[in-house]
2 protein chains.
Amino acid sequence: MRWIRYQYGGSNSYGIVEGDKVEQVSGDPFDGYNRTGHKLPLSAVQIRIPFEPRTFYAAGINYEEHVREAAALLGREPDLPEKADVGYRANNALIAHDEPIIIPKDATERVQYEGELVVVIGKRVKHVTEADAFDCILGYTVGNDVSERTWQAADRTMWRSKNADTFKPMGPWIETDANPADMQTTVRLNGDVVSQFATNNMIFGIAHYISEMTKYLTLFPGDMIWMGTDGATDNMKAGDVVEVDISGIGVLRNPIVMEE
Amino acid sequence: MRWIRYQYGGSNSYGIVEGDKVEQVSGDPFDGYNRTGHKLPLSAVQIRIPFEPRTFYAAGINYEEHVREAAALLGREPDLPEKADVGYRANNALIAHDEPIIIPKDATERVQYEGELVVVIGKRVKHVTEADAFDCILGYTVGNDVSERTWQAADRTMWRSKNADTFKPMGPWIETDANPADMQTTVRLNGDVVSQFATNNMIFGIAHYISEMTKYLTLFPGDMIWMGTDGATDNMKAGDVVEVDISGIGVLRNPIVMEE
């Protein structure tokens, strides 16, 4: 099932995507819903972020090649994480499919994409085993962990390097039937493939993260975990269009503009 | 005005505290409200966290003496922050006044208090000057940034050292008429004063933080910023009671228990 949130005629609704149609539902995927029978062409609605997360977790460094690429750029030895320590991002930065990533006026040219799998939590859980971890997952969506590398290196936290307004595109929808083991993540810049990797090739997998996290914290419906990115990343500039395509989920596309 | 959120007769409401009474309101302090005229003794209600924040910002290191104490413990030179880089905490960890701080089974003895002023945002703002920064503040409450120091040193992020369930007591209410320039923060452990400092003696003040943050991000009603703590901190153990008292706001009190 493919959950979308959209605006049509001035109001926001949840819907279920089937082919090129979206059927409006009352309620939402977390607390329950009813189909209304009212259908619209997908092309007629404005897609919103699939949900407003309760807590926005991010694995950060979670793919070996990305660690090696980042270390090489700094002339350092790669420093692989030893544990599934999770970080945070912030809701102010979220934008939907097709909305513009706005580069702040004083950013450097090093504003870069990071294509990421987003795990959407559907059940309240604590102390979950790895074997049971997938039971709390509602589905998956696509994220772009846009990063200003100069600020990332200069600041004590990642508050503006990764959480400036519009730096967290997410969408276009939540796919509940996808299997991470089968996914391929592809990033395209102006149509050219600039990054491609097996989505599940993580240092610490989804089940391990959920099991480790819930030793200490409760996961709630509407929480989400961004799972990190692999490989090298490159700069984006005003006028570019970036797409993150995860097979089995969909394509998240956003244009880049400069702050006025 | 003193905003409280409370449970009574099985449902949650906002109320306005006047002396030892609370008057129920419909609505909330962020989107508008009406007084109902229905009053209860404050002692008869169960206090909840004053609000569920939208984004939970934390200044982190923001008082000189705290930096010097922390450095001395590690045998290092103090490393004062050069900029108002803000960090994040997580909603799962929030508990209300009088609710227990639960020490995880595998925590070390180094579970410590940090008394902090909490700034509650009431208006949507971006690109705010320092001169105008206070206009977006609804009021102030009290926080205890409970920290497990062994995990804080060992982990790549502060996800469990500072965000384990129950590690973020907050309350008892939001005071809208307080002035940070006049406040004193006092922490008491089992009635003994263990920390005391001028609340406004920050490295980067409230107006500076808000001005810097809003160069890159939008602050929304219901966002909050925890402003950091000063001085040394010490261990808390099961059976202890910790109080954070900020003059002009109120006293946040929580008992400590062990996870079963």
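In what order do the 5 strands of the open sheet of chain A lie? In this predicted model, the order is E9-E19-E18-E15-E16, and the pairing within the sheet is mixed. The sheet is bounded by strand E9 (101-103) and strand E16 (192-198) of chain A, each of which pairs on one side only. From one strand to the next, the twist averages 20 degrees. Within this arrangement, strand E15 (residues 184-189) and strand E18 (residues 241-246) of chain A run antiparallel and are joined by 5 bridges. A residue-level view of this part of the sheet is given by A:Leu189, which stands opposite A:Val242 in E18(A).

Chain B also contains an open sheet of 5 strands, with the order E9-E19-E18-E15-E16 and mixed pairing. Its edges are formed by strand E9 (101-103) and strand E16 (192-198) of chain B, each pairing on one side only. The average twist in the sheet of chain B is 20 degrees from one strand to the next. Strand E18 (residues 241-246) of chain B is connected to strand E19 (residues 250-258) of chain B by 6 bridges, and the two strands run antiparallel. Among the residues involved, B:Val244 has B:Leu252 in E19(B) as its bridge partner.

A further antiparallel pair in chain B consists of strand E3 (residues 21-28) and strand E4 (residues 32-41), joined by 7 bridges. E3(B) and E4(B) form a hairpin, with 3 residues between them. Here B:Val25 is matched with B:Arg35, its bridge partner in E4(B).

In chain A, the strands numbered E3 and E4 are linked through their side chains. A:Glu23 and A:Arg35 form a salt bridge in which the closest N and O atoms are 2.8 Å apart. Because A:Glu23 lies in strand E3 (residues 21-28) and A:Arg35 in strand E4 (residues 32-41) of chain A, the pair ties together parts that are 12 residues apart in sequence. Over all chains, the count of salt bridges comes to 39.

The contact between the two chains was examined next. The interface brings 39 residues of chain A into contact with 38 residues of chain B. Between them, the chains bury about 3000 Å², of which 48% is on carbon and sulfur atoms. On the side of chain A, the residues that lose the most area to chain B are A:Arg156, A:Trp159 and A:Tyr216, which together account for 30% of what that side buries.

Polar and charged interactions were also enumerated across this interface. Side chains of opposite charge can pair when their charged atoms come close. Between chain A and chain B, 6 salt bridges are found. One salt bridge between the chains joins the side chains of A:Asp155 and B:Lys83, at 2.5 Å from N to O. The residue pairs in polar contact between chain A and chain B number 26, with both residues at pLDDT 80 or more. The elements giving two or more residues to the side of chain A that touches chain B are strand E7 (87-88), helix H2 (149-154) and helix H3 (206-213) of chain A. H3(A) supplies the largest share of that side, with 3 residues. By residue class, the side of chain A that touches chain B comprises 18 nonpolar, 9 polar and 12 charged residues.

Several features of backbone geometry complete the description. In chain A, the peptide bond from A:Gly171 to A:Pro172 is cis, with omega near 0 degrees. A:Pro172 is placed in strand E14 (residues 168-175) of chain A. In chain B, a cis peptide bond leads from B:Gly171 to B:Pro172, again with omega near 0 degrees, and B:Pro172 belongs to strand E14 (residues 168-175) of chain B. B:Asp98 is a residue other than glycine with a positive phi, near 80 degrees. The location of B:Asp98 is the loop between strand E8 (94-95) and E9 of chain B.

Methods. Residues are numbered from 1 along each chain as its sequence is written. Chains are lettered from A and ligands numbered from 1 in the order in which they are written. This is a predicted model: local features need pLDDT of at least 70, side-chain atom pairs count only at pLDDT 80 or more; totals for chains, interfaces and linings use all residues. Side-chain values use heavy atoms; hydrogens and water are left out. Contact means heavy atoms within 4.5 Å. Buried area is the accessible area (1.4 Å probe) that two parts lose on being put together, summed over both. A salt bridge is a side-chain nitrogen of Lys or Arg within 4 Å of a carboxyl oxygen of Asp or Glu. A polar contact is a pair of N or O atoms within 3.5 Å; within protein, one must be able to donate a hydrogen and the other to accept it, and residues adjacent in sequence count only if both atoms are side-chain atoms. Helices (H or I, at least four residues) and strands (E, at least two) are DSSP runs, numbered from the N terminus. Ala, Val, Leu, Ile, Met, Phe, Trp, Tyr, Cys and Pro count as nonpolar, Asp, Glu, Lys and Arg as charged, and the others, Gly among them, as polar. Two strands pair if DSSP finds at least two bridges between them. Axes are lines fitted to C-alpha atoms, for helices over the stretch in contact, and angles run from 0 to 180 degrees between N-to-C directions.
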